[in-house]
Amino acid sequence: MSPERETESLAGVRFVRLPNANAVGEQAALMVANQLANKPNSTLVFPTGKTPLPLYQALRHMPELDWHSSRLFQLDEYVKPKMAGPLPYETFAEFMDRELWDYIAGHKFYIQHYFQQPADYEQLVLQGGGPDLVILGIGGNGHVAFNEPGSSPDSPTRVIELAEQTMVSNFGGAIKPGYPTQAMTLGLKAILSAREILLLATGESKKAVVKAAFSPENPPSSDCPASWLKRHPNVTIMTDFDV
Ligand code: PGA
């Protein structure tokens, strides 16, 4: 008799399927609003990318939210290549300011001040018992933040080499002059210490990786770092497709 195939418990994972990317953004904004209402001095961690744009748009249109005592962190940031003159890409700090942080109060922490001290940044995120809510996207290669394939669940906050697929997807080339090859990322260990995690995935192109990461048939693996979220007790995955 062959041993029964073990399936992974997804007890802590809730799937929310919405009609489109804007609905995902609006629903995610309500989660942020609830978090701030329940705990005004929440520690929140925000991602960059195309996926969270509708969330930030929705939050910009919620002037009733009180951000004053919140602590706001970036999930990741490119390490600037050594070159003179203006950068050919937008930093994640510029993105966060433009999309949300310039519109709201709160204590904002920028990764670029901690490239030499990733552990100090992690300590700040963890102050007060871990982040209250970490919001994530997911890369086509299963990365969350810049925890690229190979990242274990106890990965610290660190500077890492970007995966080739990430550089192609983000800059249109594996190595392009003036573009970063490294990033600093909040580690999986700090992400998994959050009280709550919200992963946003929209568009058909994300369907395969979400299915692979969260299939109960696949044990979590560092080959697909997002799959470690299955072990967390309180994860919401919002999509505009069926998983
Ligand atoms: P995207 O990036 O939102 O632009 O798809 C997500 C990610 O790579 O984490």
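Before anything else, a word on terms: when I call a residue buried, I mean that its relative accessible area is under 20%, and I call a residue exposed when that value is over 50%, with partly exposed in between. Please also keep in mind that what we are looking at is a predicted model.

With that term in hand, let me start at helix H1, whose buried residues are Ala 23, Val 24, Gly 25, Ala 28, Ala 29, Met 31, Val 32, Ala 33, Gln 35 and Leu 36. It helps here to remember that an α-helix has 3.6 residues a turn, so residues three or four places apart point the same way. What do the buried residues of H1 pack against? Their partners are helix H2, which covers 53-60, together with five strands, namely S1 (13-17), S2 (43-46), S6 (133-136), S9 (196-201) and S10 (235-239).

We can also check the length of this helix, which runs over residues 21-38: because each residue should add 1.5 Å, its 18 residues should span 26 Å, and the C-alpha atoms at its two ends are indeed 26 Å apart, which agrees. At the start of H1, the backbone nitrogen of Asn 22 has a side-chain oxygen of Asn 20 within 3.2 Å.

Let me now step back to the whole chain, which has seven helices and ten strands. For 243 residues, a compact globule would have a radius of gyration near 18 Å, and since the protein chain has 18 Å, the two agree. Measuring along the principal axes in the computed model, the C-alpha trace spans about 65 × 45 × 35 Å. Buried residues make up 55% of the 243 residues, and among the contacts with a separation of 6 or more, 78% are between residues 24 or more positions apart. As for the surface, the chain exposes about 11300 Å², of which carbon and sulfur atoms supply 51%.

Next comes the interior. In soluble globular proteins, nonpolar side chains tend to be buried together. In this model the largest nonpolar core has 37 residues, and the members that touch the most other members are Tyr 121, Leu 136, Ile 191 and Leu 229. Two or more residues of this core come from each of helix H4 (118-126), S6, helix H6 (188-192), S9, helix H7 (207-214) and S10, and H7 gives the largest share, which is four residues. There is also a second, separate core of 32 residues, which includes Leu 18, Ala 29, Leu 44 and Tyr 56.

If we take Leu 136 and set aside residues up to four places away in sequence, its contacts include Ile 191 and Leu 229, as well as Leu 75, Val 144 and Ala 145.

That last neighbour, Ala 145, deserves a pause of its own. Most residues other than glycine have a negative phi, and most peptide bonds are trans. Ala 145, however, has a phi near 50 degrees, a positive value in a residue other than glycine. Ala 145 lies in the loop between S6 and S7, and because its relative accessible area is 6%, Ala 145 is buried.

The loop between S6 and strand S7 (158-161) also holds His 143, which counts as buried because its relative accessibility is 11%. Which side chains make polar contacts with the side chain of His 143? One is that of Glu 148, at 2.8 Å, and another is that of Thr 166, at 3.4 Å.

I would like to finish with two prolines and a leucine. Pro 131 lies in the loop between H4 and S6, and with 0% relative accessibility Pro 131 counts as buried; apart from neighbours within four places in sequence, its contacts include Thr 43, Val 45 and Ala 190. Pro 52, in the loop between S2 and H2, is buried too, with a relative accessible area of 3%, and beyond four places in sequence Pro 52 is in contact with Pro 47 and Leu 200.

Is Leu 192, in contrast, buried or partly exposed? Leu 192 belongs to helix H6, and because its relative accessible area is 21%, Leu 192 is partly exposed. Its C-alpha atom is separated by 9.3 Å from that of Pro 233, although the two residues are 41 residues apart along the chain.

How values were computed: Residues are numbered from 1 along each chain as its sequence is written. This is a predicted model: local features need pLDDT of at least 70, side-chain atom pairs count only at pLDDT 80 or more; totals for chains, interfaces and linings use all residues. Side-chain values use heavy atoms; hydrogens and water are left out. The expected span of a helix is 1.5 Å times one less than its number of residues. Buried means under 20% relative accessible area, exposed over 50%, partly exposed in between (1.4 Å probe, protein chains only). Contact means heavy atoms within 4.5 Å. A polar contact is a pair of N or O atoms within 3.5 Å; within protein, one must be able to donate a hydrogen and the other to accept it, and residues adjacent in sequence count only if both atoms are side-chain atoms. The radius of gyration is taken over C-alpha atoms; the globule rule is 2.2 Å times the number of residues to the power 0.38. Accessible areas come from the Shrake-Rupley method with a 1.4 Å probe; for residues, only the protein chains shown count as cover. A nonpolar core is a set of buried Ala, Val, Leu, Ile, Met, Phe, Trp, Tyr and Cys residues joined through side-chain atoms within 4.5 Å.
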